[in-house]
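Colleague: I would be grateful for a close look at a single part of this model, with its surroundings described in some detail. Please proceed residue by residue where that helps.

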Amino acid sequence: MKTTSFLWLEITGKCQLECVHCYADSGPAGTHGAMTTEDWIRLIEEAAELGVQAVQFIGGEPTLHPDLPRLIEHALGVGIEVEVFSNLVHVAPTLWKCFQRPGVRLACSYYSDRADQHAAVTGRTGSHTRTRSNILEAIRRSIPLRVGVVGLTDDQRTEQAMEELRDLGVSVSYDHIRQFGRGVRDQPSSTDQLCGHCADGVLAISPTGEVWPCVFSRWLPVGNVRDTPLSDIIAGTPINNVRRELSSAFAVRPDACLPDMCDPQCGPNCSPACLPQGTRDPCGPRGGCMPNYDVRPLSGEPTHRPLIQTTQLSSSG
(Lines give C-alpha, C1' and ligand atoms only; values in the text may rest on other atoms or scores of the structure.)
Protein backbone atom coordinates (compact mmCIF):
# COMPACT_ATOMS: atom_id res chain seq x y z
CA MET A 1 0.00 0.00 0.00
CA LYS A 2 1.36 3.41 -0.96
CA THR A 3 2.03 5.48 2.14
CA THR A 4 0.39 8.83 2.80
CA SER A 5 2.22 11.33 4.99
CA PHE A 6 0.12 14.46 4.57
CA LEU A 7 -3.61 15.25 4.50
CA TRP A 8 -5.56 18.38 3.69
CA LEU A 9 -8.60 18.41 5.95
CA GLU A 10 -11.14 20.77 4.38
CA ILE A 11 -13.32 21.06 7.45
CA THR A 12 -15.75 23.68 6.12
CA GLY A 13 -16.96 25.37 2.98
CA LYS A 14 -17.98 28.46 4.94
CA CYS A 15 -15.95 31.67 4.66
CA GLN A 16 -16.39 35.38 5.44
CA LEU A 17 -14.81 36.25 2.11
CA GLU A 18 -15.68 35.54 -1.52
CA CYS A 19 -12.25 35.58 -3.15
CA VAL A 20 -12.52 35.85 -6.91
CA HIS A 21 -10.09 32.96 -7.45
CA CYS A 22 -11.37 30.56 -4.77
CA TYR A 23 -10.73 27.02 -5.98
CA ALA A 24 -13.39 25.64 -3.60
CA ASP A 25 -16.03 28.26 -4.44
CA SER A 26 -16.49 28.87 -0.71
CA GLY A 27 -18.18 31.87 0.89
CA PRO A 28 -20.71 33.03 3.50
CA ALA A 29 -23.33 30.62 2.15
CA GLY A 30 -21.06 27.60 2.62
CA THR A 31 -21.60 24.93 5.27
CA HIS A 32 -19.54 22.59 7.44
CA GLY A 33 -20.81 19.71 5.32
CA ALA A 34 -21.76 16.19 6.31
CA MET A 35 -18.58 15.42 8.28
CA THR A 36 -19.25 15.74 12.00
CA THR A 37 -16.56 16.56 14.54
CA GLU A 38 -16.57 12.91 15.59
CA ASP A 39 -16.05 11.92 11.95
CA TRP A 40 -12.99 14.19 11.76
CA ILE A 41 -11.63 12.84 15.04
CA ARG A 42 -12.03 9.26 13.87
CA LEU A 43 -10.29 10.18 10.61
CA ILE A 44 -7.39 11.84 12.46
CA GLU A 45 -6.93 8.75 14.61
CA GLU A 46 -6.90 6.50 11.56
CA ALA A 47 -4.47 8.85 9.81
CA ALA A 48 -2.07 8.60 12.75
CA GLU A 49 -2.25 4.81 12.64
CA LEU A 50 -1.40 4.94 8.92
CA GLY A 51 1.68 7.05 9.54
CA VAL A 52 0.37 10.46 8.49
CA GLN A 53 2.79 13.02 9.92
CA ALA A 54 1.10 16.34 9.18
CA VAL A 55 -2.33 17.73 8.38
CA GLN A 56 -3.49 21.10 7.20
CA PHE A 57 -6.87 22.41 8.32
CA ILE A 58 -8.27 24.38 5.43
CA GLY A 59 -11.62 25.54 4.07
CA GLY A 60 -13.44 27.66 3.40
CA GLU A 61 -12.19 29.40 6.48
CA PRO A 62 -11.22 26.79 9.09
CA THR A 63 -11.44 29.23 12.02
CA LEU A 64 -15.21 29.37 11.41
CA HIS A 65 -15.55 25.71 12.40
CA PRO A 66 -16.61 25.72 16.07
CA ASP A 67 -14.52 22.64 16.93
CA LEU A 68 -11.25 23.64 15.25
CA PRO A 69 -9.46 23.86 18.65
CA ARG A 70 -10.64 20.37 19.55
CA LEU A 71 -9.48 18.99 16.19
CA ILE A 72 -6.08 20.65 16.53
CA GLU A 73 -5.64 19.30 20.05
CA HIS A 74 -6.63 15.82 18.94
CA ALA A 75 -4.18 15.83 16.04
CA LEU A 76 -1.35 16.97 18.31
CA GLY A 77 -2.35 14.34 20.86
CA VAL A 78 -1.86 11.50 18.37
CA GLY A 79 1.49 12.85 17.17
CA ILE A 80 0.39 14.71 14.03
CA GLU A 81 1.71 18.19 13.33
CA VAL A 82 -0.74 20.87 12.27
CA GLU A 83 -0.92 23.81 9.93
CA VAL A 84 -3.99 26.04 9.80
CA PHE A 85 -4.49 27.84 6.49
CA SER A 86 -6.61 30.86 7.39
CA ASN A 87 -7.50 34.19 5.82
CA LEU A 88 -6.62 35.70 9.24
CA VAL A 89 -9.55 38.10 8.97
CA HIS A 90 -10.65 37.25 12.50
CA VAL A 91 -8.93 35.16 15.16
CA ALA A 92 -10.65 34.67 18.50
CA PRO A 93 -8.52 34.86 21.69
CA THR A 94 -9.03 31.14 22.34
CA LEU A 95 -7.69 30.34 18.88
CA TRP A 96 -4.56 32.41 19.42
CA LYS A 97 -3.80 30.28 22.46
CA CYS A 98 -4.36 27.15 20.40
CA PHE A 99 -2.10 28.41 17.59
CA GLN A 100 0.69 28.94 20.10
CA ARG A 101 0.82 25.26 20.94
CA PRO A 102 4.06 23.47 19.95
CA GLY A 103 3.52 21.66 16.67
CA VAL A 104 1.08 24.23 15.24
CA ARG A 105 1.81 26.72 12.51
CA LEU A 106 -0.20 29.19 10.43
CA ALA A 107 -0.44 30.09 6.76
CA CYS A 108 -2.43 32.74 4.93
CA SER A 109 -2.75 34.49 1.59
CA TYR A 110 -2.02 38.13 0.82
CA TYR A 111 -2.67 39.92 -2.45
CA SER A 112 -1.22 43.42 -2.42
CA ASP A 113 0.37 46.06 -0.24
CA ARG A 114 -2.62 48.22 -1.17
CA ALA A 115 -5.87 47.70 0.71
CA ASP A 116 -8.05 48.38 -2.33
CA GLN A 117 -6.32 45.73 -4.47
CA HIS A 118 -6.47 43.18 -1.64
CA ALA A 119 -10.19 43.88 -1.12
CA ALA A 120 -10.83 43.56 -4.85
CA VAL A 121 -9.67 39.96 -4.56
CA THR A 122 -11.36 39.05 -1.28
CA GLY A 123 -14.64 40.86 -1.94
CA ARG A 124 -14.58 42.49 1.50
CA THR A 125 -13.57 46.03 2.35
CA GLY A 126 -11.33 46.11 5.39
CA SER A 127 -9.98 42.59 4.88
CA HIS A 128 -6.46 43.89 4.16
CA THR A 129 -6.25 45.77 7.46
CA ARG A 130 -7.59 42.82 9.43
CA THR A 131 -5.31 40.24 7.80
CA ARG A 132 -2.21 42.41 8.07
CA SER A 133 -2.98 43.14 11.72
CA ASN A 134 -3.26 39.43 12.48
CA ILE A 135 -0.07 38.67 10.58
CA LEU A 136 1.63 41.10 12.95
CA GLU A 137 -0.08 39.47 15.92
CA ALA A 138 1.15 36.03 14.85
CA ILE A 139 4.66 37.44 14.59
CA ARG A 140 4.33 39.05 18.03
CA ARG A 141 3.27 35.72 19.49
CA SER A 142 6.18 33.90 17.74
CA ILE A 143 3.79 31.58 15.89
CA PRO A 144 5.42 29.94 12.85
CA LEU A 145 3.83 31.63 9.85
CA ARG A 146 4.14 31.59 6.10
CA VAL A 147 2.32 33.98 3.79
CA GLY A 148 1.74 33.49 0.09
CA VAL A 149 1.02 36.05 -2.59
CA VAL A 150 -1.18 35.02 -5.52
CA GLY A 151 -0.87 36.91 -8.79
CA LEU A 152 -4.20 37.45 -10.53
CA THR A 153 -3.72 40.57 -12.66
CA ASP A 154 -0.86 42.34 -14.42
CA ASP A 155 -1.26 45.54 -12.41
CA GLN A 156 -1.46 43.81 -9.04
CA ARG A 157 1.32 44.92 -6.68
CA THR A 158 2.53 41.43 -5.87
CA GLU A 159 6.23 42.27 -5.76
CA GLN A 160 5.58 45.15 -3.38
CA ALA A 161 3.42 42.86 -1.22
CA MET A 162 6.20 40.29 -1.05
CA GLU A 163 8.74 42.95 -0.15
CA GLU A 164 6.45 44.27 2.58
CA LEU A 165 6.06 40.80 4.07
CA ARG A 166 9.76 40.05 3.94
CA ASP A 167 10.42 43.31 5.75
CA LEU A 168 8.12 42.03 8.49
CA GLY A 169 10.28 38.92 8.74
CA VAL A 170 7.67 36.56 7.30
CA SER A 171 8.36 33.54 5.08
CA VAL A 172 6.91 34.51 1.70
CA SER A 173 6.03 32.61 -1.48
CA TYR A 174 4.38 33.42 -4.79
CA ASP A 175 1.97 31.61 -7.08
CA HIS A 176 -0.01 32.50 -10.16
CA ILE A 177 -3.77 32.00 -10.33
CA ARG A 178 -4.80 28.40 -10.91
CA GLN A 179 -7.98 27.86 -12.88
CA PHE A 180 -10.18 25.88 -10.54
CA GLY A 181 -13.53 26.91 -9.01
CA ARG A 182 -13.97 30.68 -9.22
CA GLY A 183 -10.41 30.85 -10.51
CA VAL A 184 -11.44 29.58 -13.95
CA ARG A 185 -10.71 32.23 -16.57
CA ASP A 186 -9.94 31.05 -20.09
CA GLN A 187 -9.69 27.26 -19.76
CA PRO A 188 -11.52 24.49 -17.89
CA SER A 189 -10.01 22.82 -14.85
CA SER A 190 -7.60 20.12 -15.98
CA THR A 191 -4.40 18.26 -15.16
CA ASP A 192 -2.51 21.08 -16.89
CA GLN A 193 -3.05 23.12 -13.72
CA LEU A 194 -1.75 20.41 -11.37
CA CYS A 195 1.78 20.05 -10.00
CA GLY A 196 2.32 16.40 -10.88
CA HIS A 197 2.35 14.94 -7.38
CA CYS A 198 -1.35 14.38 -6.69
CA ALA A 199 -1.98 11.31 -4.50
CA ASP A 200 1.78 10.94 -4.16
CA GLY A 201 1.97 10.79 -0.36
CA VAL A 202 -0.86 13.31 -0.09
CA LEU A 203 -4.66 13.26 -0.10
CA ALA A 204 -7.45 15.76 0.53
CA ILE A 205 -10.71 15.16 2.41
CA SER A 206 -13.72 17.41 1.85
CA PRO A 207 -16.49 18.53 4.25
CA THR A 208 -18.64 15.76 2.78
CA GLY A 209 -15.97 13.12 3.39
CA GLU A 210 -15.04 12.80 -0.27
CA VAL A 211 -11.38 12.03 -0.91
CA TRP A 212 -9.40 13.63 -3.74
CA PRO A 213 -5.78 13.25 -4.92
CA CYS A 214 -5.31 16.90 -3.87
CA VAL A 215 -7.51 19.88 -3.14
CA PHE A 216 -7.39 20.99 -6.78
CA SER A 217 -8.28 17.66 -8.42
CA ARG A 218 -11.84 17.67 -7.18
CA TRP A 219 -13.21 16.05 -10.33
CA LEU A 220 -11.28 12.85 -9.46
CA PRO A 221 -12.91 11.44 -6.28
CA VAL A 222 -11.41 8.19 -5.05
CA GLY A 223 -13.74 7.36 -2.16
CA ASN A 224 -15.52 8.73 0.88
CA VAL A 225 -14.26 8.34 4.46
CA ARG A 226 -17.81 8.39 5.83
CA ASP A 227 -18.42 4.91 4.44
CA THR A 228 -14.95 3.54 3.70
CA PRO A 229 -11.86 3.38 5.96
CA LEU A 230 -9.05 5.63 4.80
CA SER A 231 -6.74 2.62 4.65
CA ASP A 232 -9.05 0.92 2.14
CA ILE A 233 -9.23 4.09 0.03
CA ILE A 234 -5.45 4.44 -0.04
CA ALA A 235 -5.08 0.82 -1.19
CA GLY A 236 -8.20 0.75 -3.37
CA THR A 237 -8.71 0.32 -7.10
CA PRO A 238 -10.16 3.83 -7.70
CA ILE A 239 -7.10 5.65 -6.39
CA ASN A 240 -4.71 3.35 -8.27
CA ASN A 241 -6.66 3.99 -11.47
CA VAL A 242 -6.47 7.74 -10.87
CA ARG A 243 -2.73 7.53 -10.16
CA ARG A 244 -2.20 5.79 -13.49
CA GLU A 245 -4.35 8.38 -15.26
CA LEU A 246 -2.43 11.25 -13.69
CA SER A 247 0.95 9.64 -14.31
CA SER A 248 0.12 9.35 -18.01
CA ALA A 249 -0.91 13.01 -18.14
CA PHE A 250 2.16 14.23 -16.26
CA ALA A 251 4.59 12.04 -18.23
CA VAL A 252 4.25 14.19 -21.36
CA ARG A 253 5.23 17.42 -19.61
CA PRO A 254 8.42 19.15 -20.77
CA ASP A 255 11.65 18.65 -18.87
CA ALA A 256 12.59 22.31 -18.94
CA CYS A 257 10.84 25.59 -18.30
CA LEU A 258 9.54 27.56 -21.22
CA PRO A 259 9.50 31.36 -20.84
CA ASP A 260 5.74 31.54 -20.31
CA MET A 261 5.93 28.86 -17.59
CA CYS A 262 8.47 30.59 -15.43
CA ASP A 263 7.60 32.05 -12.10
CA PRO A 264 8.80 35.66 -11.58
CA GLN A 265 11.07 34.39 -8.83
CA CYS A 266 13.12 32.56 -11.46
CA GLY A 267 14.25 35.92 -12.82
CA PRO A 268 15.26 36.56 -16.43
CA ASN A 269 17.13 33.26 -16.81
CA CYS A 270 14.31 30.78 -17.14
CA SER A 271 15.94 27.37 -17.32
CA PRO A 272 15.77 23.83 -15.91
CA ALA A 273 17.58 25.23 -12.89
CA CYS A 274 14.25 26.76 -11.89
CA LEU A 275 12.72 23.32 -11.62
CA PRO A 276 12.49 21.45 -8.32
CA GLN A 277 15.13 18.76 -8.17
CA GLY A 278 13.89 15.40 -9.36
CA THR A 279 10.71 16.67 -11.01
CA ARG A 280 9.59 17.42 -14.55
CA ASP A 281 7.23 20.20 -13.59
CA PRO A 282 7.18 23.82 -14.78
CA CYS A 283 8.44 26.20 -12.15
CA GLY A 284 5.26 28.03 -11.51
CA PRO A 285 6.34 28.31 -8.75
CA ARG A 286 8.90 25.58 -8.21
CA GLY A 287 6.60 22.98 -9.64
CA GLY A 288 4.23 22.86 -6.70
CA CYS A 289 0.55 23.22 -6.03
CA MET A 290 0.16 21.93 -2.47
CA PRO A 291 -0.93 24.38 0.19
CA ASN A 292 1.38 22.88 2.79
CA TYR A 293 4.43 24.13 0.90
CA ASP A 294 7.67 23.95 2.80
CA VAL A 295 5.99 22.43 5.82
CA ARG A 296 8.71 21.53 8.28
CA PRO A 297 7.89 20.12 11.69
CA LEU A 298 9.22 22.00 14.65
CA SER A 299 11.53 19.03 15.20
CA GLY A 300 13.46 20.06 12.09
CA GLU A 301 13.09 17.57 9.24
CA PRO A 302 10.42 17.94 6.54
CA THR A 303 7.40 15.70 6.92
CA HIS A 304 7.49 15.10 3.18
CA ARG A 305 9.03 16.67 0.12
CA PRO A 306 8.99 20.47 0.52
CA LEU A 307 7.89 20.90 -3.08
CA ILE A 308 5.66 23.89 -2.88
CA GLN A 309 5.37 27.53 -2.61
CA THR A 310 1.76 28.09 -3.47
CA THR A 311 -0.88 30.23 -1.90
CA GLN A 312 -3.51 29.69 -4.52
CA LEU A 313 -4.83 26.91 -2.36
CA SER A 314 -6.31 29.20 0.19
CA SER A 315 -9.97 28.96 -0.66
CA SER A 316 -10.65 31.54 2.01
CA GLY A 317 -8.53 34.21 0.37
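Modeller: A suitable part to begin with is His65, which counts as buried because its relative accessibility is 5%. Please bear in mind that the model is a predicted one. His65 lies in the loop that links strand E2 (54-58) with helix H2 (68-77). When neighbours within four places in sequence are set aside, His65 is in contact with Ile11, His32 and Thr37.

From this loop I turn to strand E4, which spans residues 104-110 and is mostly covered, seven of its seven residues being buried. Val104, Leu106, Cys108 and Tyr110 point one way from the strand, while Arg105, Ala107 and Ser109 point the other way. The residues of both groups are buried, Arg105 among them.

Strand E4 has pairing partners in E3 and E5. Strand E3 (residues 81-85) runs parallel to E4 and is joined to E4 by four bridges. Within this pairing, Glu83 of E3 stands opposite Arg105 in E4. Between E3 and E4 the chain passes through helix H3 (residues 93-99), and the resulting β-α-β crossover is right-handed. Strand E5 (residues 145-151) also pairs with E4 in the parallel sense, over five bridges. Here Ser109 has Gly148 in E5 as its bridge partner.

Tyr110 of E4 leads on to Arg132, since a contact links the two residues. Arg132 belongs to helix H5. With a relative accessibility of 27%, Arg132 counts as partly exposed. Setting aside neighbours within four places in sequence, Arg132 is in contact with Glu164 and Leu168 as well as with Tyr110. The C-alpha atom of Arg132 is separated by 8.5 Å from that of Val89, although the two residues are 43 residues apart along the chain.

Helix H5 (residues 127-140) also meets helix H4 (residues 115-122): their axes come within 8 Å and cross at roughly 100°. H4 is therefore roughly perpendicular to H5. On the H4 side, the residues that meet H5 are Ala115, His118, Ala119 and Thr122, and their counterparts in H5 are Ser127, His128 and Thr131. Sorted by class, this contact has two nonpolar residues, five polar residues and no charged residues.

Technical notes:
Residues are numbered from 1 along each chain as its sequence is written. This is a predicted model: local features need pLDDT of at least 70, side-chain atom pairs count only at pLDDT 80 or more; totals for chains, interfaces and linings use all residues. Side-chain values use heavy atoms; hydrogens and water are left out. Axes are lines fitted to C-alpha atoms, for helices over the stretch in contact, and angles run from 0 to 180 degrees between N-to-C directions. Helices (H or I, at least four residues) and strands (E, at least two) are DSSP runs, numbered from the N terminus. Angles under 35 degrees count as roughly parallel, over 145 as roughly antiparallel, 65 to 115 as roughly perpendicular and the rest as oblique. Contact means heavy atoms within 4.5 Å. Ala, Val, Leu, Ile, Met, Phe, Trp, Tyr, Cys and Pro count as nonpolar, Asp, Glu, Lys and Arg as charged, and the others, Gly among them, as polar. Buried means under 20% relative accessible area, exposed over 50%, partly exposed in between (1.4 Å probe, protein chains only). Two strands pair if DSSP finds at least two bridges between them. A crossover is right-handed if, with the strands pointing away from the viewer, the path from the first strand over the helix to the second runs clockwise.
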